[in-house]
Amino acid sequence: MKVSTSKFKIQRIIKEHKTKRLNFDLKIQRSEDIWDKKNSTTRRSKMIHSILKNWPTTSIFAYKESNVLSIIDGKQRLTLAIAFFNDQFALDKSTPDINGVEVHDKKFSELPDELKEIFLAYEFEMTIVQEASMEEVEELFFRLNGGMPMRQIEKTRALLGGKKLKFVEDVSNTPFFQTKANITNTSKKRYVDQELVFQILAMIHKDETGFSGKEIENFVLELRNQRIQDELKSKMQNASYYLNQAFLKKTKYLRKVHIPTIFKLVLELQESALLISPSQFEEWANEFFENMPPAYKLATESGSAKKDKVQTRYKEMKNHFYSYFEDKINNKENGSDDQDELEVSDVS
């Protein structure tokens, strides 16, 4: 590992960001934004006030590769400085004057030229790491964050990286995951939506799998050495859009423990070409979750990530589904095309 130190003016930070030589999306970065939490306006204003007073701040840490600086620690400070420069927020009303100049309630463009120049000339000290393995970068991130261990999903994302992680992000950004799945914004910041996509992919690739951290990690190690076919991406997105049509609003039972099983069932529907409309699927889902089979319900309780419980949930849900639509399945097998019973769904 090679380590060096340099100083970066905010003016340069802005330029490097515009030219994409500054990367804030290093995969091991946590997504929580400390400036979005309680008293965020005051916290942000204090940070900008410190810059305008030319007070020192702690060092920024970055990983350099191919002339791109990926921020390991200090993302919030740099993104905050860029946001203030772009007039995305005004300073809090309680922000003290600077050298007799009132700055409260002002955006960057409203500051006197003298303070603008001070802001743009402010220097962040940056510690730059080069020629390091991703494992070393992860360990550095771990230590810089006070020894707070990375969550399993953070490790999983870091392991996969690159285009395959982009695939997972694209699926998790479809309307179903964003608006219908019962996942809080806090959970999304903790990548729970992406964790669900990993679980769905594991179920597709392995007939029998559990969702323990180790099982998902082992699956991701296999996945990163394989090529994800465009066909799979299309199927995953179609399934997501189908579910978005099926459920008109966020539904209580569309939560973490149930979504992978529901999603795999829809993927199987696509494979079998069984034409169940989204509205019919919702009717079945309402019936299933109002009267969950005892074995399914038991498999959602303590230890729900275990292999046997994951498999039990899928078996019970699949059996109930095919029993519920038995007449429609028989009509299909017998060559019937009874449109009164069977609606054609459009998931394109």
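**Exercise 1.** Where is Asp 92 found: which two helices does its loop lie between?

*Solution.* Keep in mind that you're looking at a predicted model. Find α3, which covers residues 75-85, and then α4, which covers 113-121. Asp 92 sits in the loop between these two helices.

**Exercise 2.** Work out which partners surround Asp 92, and check for a salt bridge.

*Solution.* Start with burial: Asp 92 is buried. Next, look for a side chain of opposite charge; the nearest belongs to Lys 93, 6.8 Å away. A salt bridge needs the two charged groups within 4 Å, so Asp 92 has none. Now try polar contacts: the Asp 92 side chain does make one with the side chain of Ser 94, at 2.3 Å. Finally, skip residues up to four places away in sequence and list what Asp 92 touches: Thr 41, Thr 42, Ser 45, His 104 and Asp 105.

**Exercise 3.** Is His 49 buried or exposed?

*Solution.* First place the residue: His 49 belongs to helix α2, residues 40-52. Then take its relative accessible area, 9%. The cut-off for buried is under 20%, so His 49 counts as buried. For its surroundings, leave out residues up to four places away in sequence, and you get Thr 95, Pro 96, Asp 97 and Ile 98 as the residues His 49 touches.

**Exercise 4.** Zoom out and describe the protein as a whole.

*Solution.* Begin with the elements: there are 17 helices and 5 strands. Then turn to burial: of the 348 residues, 45% are buried. Last, the surface: about 18,200 Å² is accessible, and carbon and sulfur atoms account for 46% of that.

Definitions and conventions
Residues are numbered from 1 along each chain as its sequence is written. This is a predicted model: local features need pLDDT of at least 70, side-chain atom pairs count only at pLDDT 80 or more; totals for chains, interfaces and linings use all residues. Side-chain values use heavy atoms; hydrogens and water are left out. Helices (H or I, at least four residues) and strands (E, at least two) are DSSP runs, numbered from the N terminus. Buried means under 20% relative accessible area, exposed over 50%, partly exposed in between (1.4 Å probe, protein chains only). Lys and Arg count as positive and Asp and Glu as negative; His and the chain ends are not counted. A polar contact is a pair of N or O atoms within 3.5 Å; within protein, one must be able to donate a hydrogen and the other to accept it, and residues adjacent in sequence count only if both atoms are side-chain atoms. Contact means heavy atoms within 4.5 Å. Accessible areas come from the Shrake-Rupley method with a 1.4 Å probe; for residues, only the protein chains shown count as cover.
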